[in-house]
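Work through these exercises with the structure in view. Try each task before you read its solution.

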Amino acid sequence: MSYDSTYTREIPLVEARSGFKEIDSVLTHPLDTKPTKGWWIAFAISFTALLIGALSLANTLYFGIGEWGNNQPVGWAFDIVNFVFWIGIGHAGTLISAILFLFRQRWRTGIARFAEAMTIFAVMTAGIFPIIHTGRPWLAGYLLPLPNQNGVWVNFASPLLWDVFAVSTYFTISFLFWGIGLVPDLAVLRDRTTNKIKKTIYSVASLGWNFSNRNWSNYERAYLILAGISTPLVLSVHSIVSFDFAVSVIPGWHTTIFPPYFVAGAIFSGFGMVSTVLIIVRKVFDLEHIVTINHLEKMNKILLATGMMVGYAYAMEFFIAWYSGNTFEQFVFINRAFGPYAWAYWIMVSCNVFFPQLFWFKKVRRSIPITMVLVILVNVGMWFERFVIVVTSLHRDFLPSSWAMYAPTITDFGLLLGSFGFFFTFLLLFLKALPLVSIAEIKAVVEGAQPSIHPHPHSSNGEHK
Amino acid sequence: MIKKIQNFFKEFNSREDDEKRSGKIYAVTSLFDTPNEIMNASTEVADKGYKRFDTFTPYPVHGLDQAMGITNPLVGPIAFVGGILGCFLALLMIWWMSDANYPNIIGGKPFFALPAAIPITFEGTVLLTGIATVVGMLVLLNKLPKINNPLNDTEFMKHVSSDKFGIVIGANDKNFSETEVRDLFQSLGGHSIQNVYYRESNLTDKTPLFDSKFIMTLIAVAGLTALVSYFTLNYVLYEVVPFDWMRHQAKINSQSPSDFFPDKAGMRTPVEGTVARGFMPYEYKGLPDSAVRLLANPLPASKNILERGQDRYNIFCSPCHGYFGEGDGRMNDQFPKPPSLHNNKVLNWMDGNIYHVLTNGQNVMPSYESQISRDDRWAIVHYVRALQRSKNAKDQDLPK
């Protein structure tokens, strides 16, 4: 043992060696009990936010998007900012469930299910915005290459169409990934419950899963393949979202750094959101020994790393603007940092690059209150990053006569608030309806869960039943 | 209503849960306590030559596959086929839609170019790989959904889903003998050794899929879905419909009132002294037809024009002049009989004179300027000429 045992020995993933039965009862406890007061308060707040969003949406649908602050030259604003923000939030879920799985980071088990659920709800939230931003959402069917009376098809050369395919594929694959993780857990619930109505629902939803090793064998292989394809998928989704900007010719958008820059930012913001919610949830649902302080510390390290990638991208944008010798490009970046929207730029830089530097200190990484503050700042900073990219690039375009400032309306703020309400309402319902940590996976990483003896290879092959 | 629903749930909850088991044995099950025990036990069972056996664990135990001597060779190929299919279908779709079926010029770019097709092809590949993997794993390989598996709803399943490990040797194994299997389990350290019997529903040939109630429900659901999607697609998605199907628009229709103008009329008269482009006023208005020095008919005497002329003539002229211009129209008793169009005067007229009478009126005949458009009047002139020629046909006009 060296001087610091916590860093030389693999830390147990589940503290205090829980028995399997205990894991079952801890993880299904929120499902078997009536909601607590805390849950109702949280639900009331998020549902109110959702209703405010619904009112703003009704206002938008009835009167049109003239209710928003968007106007020439800032034709994209909160709608696209929110879309990119929420899509980015989703990326942490896939990163945790797929990329960390491929890297054999077993600590992901404690947070994977929860992060995947966040992915799904975040993509659902994000999906609202491009559809309402078209102005006539009842014509959203034309986004898909469906046969119609006009005989014309969609434009396959447009990044906006790539977006449609990327986001819908991303949602489907995330849902499948989440869904097959849930099947064995639903079977656990089926075998635990005494209520027949619940049992019927769980029996159908678990598809009659029976924990047979022949099934597990195929299941694990399928899970590995899904993780393998989700990894390039998650990278492609935010790359394609960045094409929405990079393929245009607006200074500040037209850069090749955008795909990796967007992906790093997405992971950064997603981890910020996962941490924010998880810190509250583990406290409220008594899961501190399953989602441990070690998990949070590891996530903080990832936040530090991705935060610096994002900081590198900010610096590199400036460097390229200078190095390219393109005056328009130079103007945009100087204008970002010192122009009328400098406040937004410096909120972004300080929240995303400066404050996360505190995570270099182990004390900070392991302190829950400080982490909470920092991850909330990350959320704020990443929202402002999208604001800076979208609005500051547009408000000063090539023609000085058309320069104008952007002012959001109350409908814009209502939709922003509503998007949080939508996301958290779904999240709270999820917390009460399904186990928020994968029961089967967490059992597999408990100390002593895997055999200490190794089998000898066989000559005879069992058939699949 | 709420009482009824509550009662339904109560009744549902108190229903007998366990389905009747038949006397036919399905398998013998045994439980083990630790992962090491289950490793040893499954190795032994496989070594004894059993084929129809399976190991049950609450989570995937690594190494069990080798202990049982099984592999999972099919998941990968299924995923691969799905991926190839997705890639091919996406490329085919893009090429067919943007190059073959409806080529659209977009920015002067090629109709189909690989670089622009890459993102969607990639997404298609991932999508079908994922769907094929999940559906292949669950349905094709694991034979799910199967809710009435004999092992479900047993004490054995309740344990292996939570904290115990189990082995099942199926009665359909060719080495199966109940006593031997029980002895084997005992010697391996297993406990709670039990027989599991088939459910009665497992033994009947009827699959619940072909149950008439189930099929009727499916048909009803399908019909309802089709109807709802038909109306949604037709009236919401593809008709331009912000709430009123565009029936109300910010414009004034002809004949409708308007508060905007002082005279409350939606329709406006042209400004004094103005003329619509290409519509100079008729210059011989009110003049006798001897003053008319009108030129030739501007329209060609084509089949379309003649048919149009006939159509207009039958509507506007035939009531008095009759279908053949003989002055024997249907209004004979109410109005003075007009002269025949086949008399010498009309026969010797120029086209311009007939046009003048139509436009200006003559004697009792009023002007038709406001009722028949300029081109239609010239078409009628052609038709009248055709009528005249048919009444005074010469031998060489007859078809040979």
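**Exercise 1. How many salt bridges are there between chain B and chain A?**

Start with the ground rules. This is a predicted model, where local features need pLDDT of at least 70, side-chain atom pairs count only at pLDDT 80 or more, and totals for chains, interfaces and linings use all residues. Residues are numbered from 1 along each chain as its sequence is written, chains are lettered from A and ligands numbered from 1 in the order in which they are written, and side-chain values use heavy atoms, leaving out hydrogens and water.

Step 1. Fix the term: a salt bridge is a side-chain nitrogen of Lys or Arg within 4 Å of a carboxyl oxygen of Asp or Glu.
Step 2. Count: three salt bridges link chain B and chain A.
Step 3. Find one of them: A:Lys21 and B:Asp163 meet at 3.6 Å, N to O.

**Exercise 2. Describe the contact between the two chains.**

Step 1. Count residues in contact (heavy atoms within 4.5 Å). Chain B gives 85 residues and chain A gives 80 residues.
Step 2. Take the buried area, which is the accessible area (1.4 Å probe) that two parts lose on being put together, summed over both. It is about 7900 Å² between chain B and chain A.
Step 3. Split it by atom: carbon and sulfur atoms give 62%.

**Exercise 3. Trace the sheet in chain B.**

Step 1. Use DSSP runs, numbered from the N terminus: helices (H or I) have at least four residues, strands (E) at least two. Two strands pair if DSSP finds at least two bridges between them.
Step 2. Read the order: the open sheet of four strands in chain B runs 2-3-1-4, with antiparallel pairing.
Step 3. Find the edges. Strand 2 (53–56) and strand 4 (191–199) of chain B each have a single partner strand, so one side of each has no neighbour in the sheet.
Step 4. Look at one pair. Six bridges join strand 1 (residues 21–32) to strand 3 (residues 165–170) of chain B. B:Val28 has B:Ile169 as its bridge partner in strand 3 of chain B.

**Exercise 4. Is helix 12 (residues 351–360) of chain B enclosed or open?**

Step 1. Set the cut-offs: buried means under 20% relative accessible area, exposed over 50%, partly exposed in between (1.4 Å probe, protein chains only).
Step 2. Apply them. In helix 12 of chain B, 10 of the 10 residues are buried, so the helix is largely enclosed by the rest of the structure.
Step 3. Look for the cover: it includes helix 13 (374–391) of chain B.
Step 4. Compare B:Asn7, which counts as partly exposed at 44% relative accessibility.
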